[in-house]
Amino acid sequence: GWDGGDCCFSTCVSGNYSCGNNTDNTVVIGFPFCNDPSACIVPDFDAIGDAICNPVANTENCGWDGGDCCNATCVNTATASCGRVNGTIIGYPQCLDPNVCIAADVSVVGNGFCDNSTNKRSCDWDGGDCCAETCQSDTTSTCGYNADGSAIIGFEQCRDPAYEPTSADETCIVPDPSALGNGYCNTRNNTFYNTALCDWDGGDCCASTCVSTPAHLCGDSASNVSIGFPNCNDPDVCLAADPSIVGNGFCDNSTNKRSCDWDGGDCCAATCVSSANFSCGFNADKTAVTGFLRCLDPDHEPTAAGETCIVEDQFALGNGYCNTLNNTGYNTALCNWDGGDCCAATCESTDTQECGFSATNVSIGYANCRDPSVCPIEGSPRLGDGFCDTAGNLDSCDWDGGDCCAETCVSTANTTCGFNADGSAVIGFLRCLDPNYEPTAANETCIVADPFALGNGYCN
């Protein structure tokens, strides 16, 4: 380790002996045996960093003479001024530090115009002037333009490895970048602003994207006259002559497009919400059902009138009241049997309507329960009582609790399987509809008044 660093000025640390002295510390001998190739070797170390560029010390090992040879790194001392010799200005012709920007005119760095001479790492790529993401215009130059501002040249000279070169038609280049998003829509003689590359003048040209500033009120001209947004060209902005038609429950062709969220959802069954004036799936005056054949939203399918639930009042679905009279569209499979309102098993009361009651608050039960998956007499003691009731002889009622077939019927204390209601006559099981069993007449199966007396040890 080169005697632990003892032999070179830049690596020696004094201890029992003083660096650069003889063994008894009486004579300064310097560092004549410094052989470390990474060490700074000069006759006079006091001359490093003295504000005077010493060519001998102007090496990387000597920190480029302690910074004395470059404008950006030199520091004046009490006895010398940087860039001068005997009081005469000579500049920094010997600046060799690769990390220091060397420019004949430092004002060209970061002035908004890309100068090839300073478009290098040591000059921070001309102060950022050569790349779209880093350039900032000033009063003398505009980013992306030529030197006199007469033509757009883009940023094809961008060399900063963190960014990509871009041509004039690949990025937003305008004479005054500060005018983007300032509340005023630039169009006349400024066709570069209101473009997709410039985010439509920073949003200034459309009502939904413009943000007013202290200098400009959105929708005003340069002379502060209200002109609206006639130059809104952003395809992602909804343009409607009357914004109230969007999401009002009626499908309008003019706003049935992506930028208007497909008329606020009005044109598809899955997204439409009725309003006080319009009902989803109806024409404008609510005299005819039109369906949703104009649904253009790619997330949903167009549906005809007979393919989806279309009722005049969507809010009446599942409100606790079974709509039937003059509202035949409600209690249908498409409308989930009025949202479940017509069957005891599926109806849920609301704050304004109790299930099983009429609109005038009279108990009417569930006579209009048509849902084939729901037993209309669910919970009734008539289910499984030993007598076959037509009302419960449905799949949803487990075929009247098994009462209608010989194999499944179980007599009770009050009713005997295969007999009429009062037990006065044998009727058999001709009403057996359970597909697992066959209907049987009175003379085709064993029907007795007391099935429990069969096989009880007493011969009846």
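Author: A disulfide here is a pair of cysteine sulfur atoms within 2.5 Å. The model is predicted.

Reader: How many disulfides does the structure hold?
Author: A disulfide is a covalent bond between the sulfur atoms of two cysteines. The structure holds several such links, and their number is 26.

Reader: Which way does the link of C40 and C62 turn, right-handed or left-handed?
Author: The sulfur atoms of C40 and C62 are 1.8 Å apart, and the two form a disulfide. The angle about their S-S bond is 100°. That makes the link of C40 and C62 right-handed.

Reader: How many residues apart in sequence are the parts that C40 and C62 tie together?
Author: The two cysteines form a disulfide. C40 lies in the segment before α1 (63–66), and C62 lies in the segment before α1 too, so the pair ties together parts whose separation in sequence is 22 residues.

Reader: Are C40 and C62 buried or exposed?
Author: Buried means under 20% relative accessible area. C40 falls in that class, and C62 does too: both are buried.

Reader: Where do C101 and C123 lie?
Author: A disulfide joins C101 to C123, with 1.8 Å from S to S. The angle about the S-S bond is 90°, and the link is right-handed. The pair ties together parts 22 residues apart, and both cysteines lie in the loop between β2 (88–89) and α2 (124–127).

Reader: Which class does C101 fall in, buried, partly exposed or exposed?
Author: Its partner C123 has 3% relative accessibility, so C123 counts as buried. C101 has 28%, so C101 counts as partly exposed.

Reader: What is the angle about the S-S bond of C206 and C232?
Author: C206 and C232 form a disulfide, with their sulfur atoms 1.9 Å apart. Both cysteines are buried. The link is right-handed, and the angle about the S-S bond is 95°.

Reader: Why is C7 not bonded to C8, and what is the distance between their sulfurs?
Author: C8 holds the closest cysteine sulfur to that of C7. A disulfide needs the sulfur atoms within 2.5 Å. The sulfur of C8 is too far for a bond, because the distance is 6.4 Å.

Reader: Is C459 buried or exposed?
Author: The class follows from the accessible area, and exposed means over 50%. C459 has 72% relative accessibility, so C459 counts as exposed.

Reader: What kind of aromatic pair do F9 and F31 make?
Author: A search of the whole structure finds four aromatic pairs. The rings of F9 and F31 have centres 6.0 Å apart and planes at 75°. Planes over 60 degrees apart count as edge-to-face. The pair is therefore edge-to-face.

Reader: Which residues form a cluster through ring pairs?
Author: F9 is partly exposed, at 42% relative accessibility. Ring pairs link this residue with others into a cluster, whose members are F9, F31 and F45.

Reader: What ring does the charged end of R294 sit over?
Author: The charged end of R294 is 6.0 Å from the centre of a ring. The ring belongs to F250.

Reader: Which residues does T440 touch, not counting those up to four places away in sequence?
Author: T440 is placed in the segment after α6 (398–401). At 15% relative accessibility, T440 counts as buried. Beyond four places in sequence, the residues T440 touches are A406, G428, F429, L430 and T445.

Reader: Where is confidence highest?
Author: The protein averages a pLDDT of 88, and 98% of the residues score at least 70. Confidence is lowest in β2, at a mean of 87. With 95, the highest is α6.

Definitions and conventions. Residues are numbered from 1 along each chain as its sequence is written. This is a predicted model: local features need pLDDT of at least 70, side-chain atom pairs count only at pLDDT 80 or more; totals for chains, interfaces and linings use all residues. Side-chain values use heavy atoms; hydrogens and water are left out. Helices (H or I, at least four residues) and strands (E, at least two) are DSSP runs, numbered from the N terminus. Buried means under 20% relative accessible area, exposed over 50%, partly exposed in between (1.4 Å probe, protein chains only). Contact means heavy atoms within 4.5 Å. pLDDT is the predictor's confidence in each residue, from 0 to 100. Rings of Phe, Tyr and Trp (its six-membered ring) pair if their centres lie within 6.5 Å; planes under 30 degrees apart count as stacked, over 60 as edge-to-face and the rest as tilted. A charge sits over a ring if NZ of Lys or CZ of Arg is within 6 Å of the ring centre and within 35 degrees of the ring normal.
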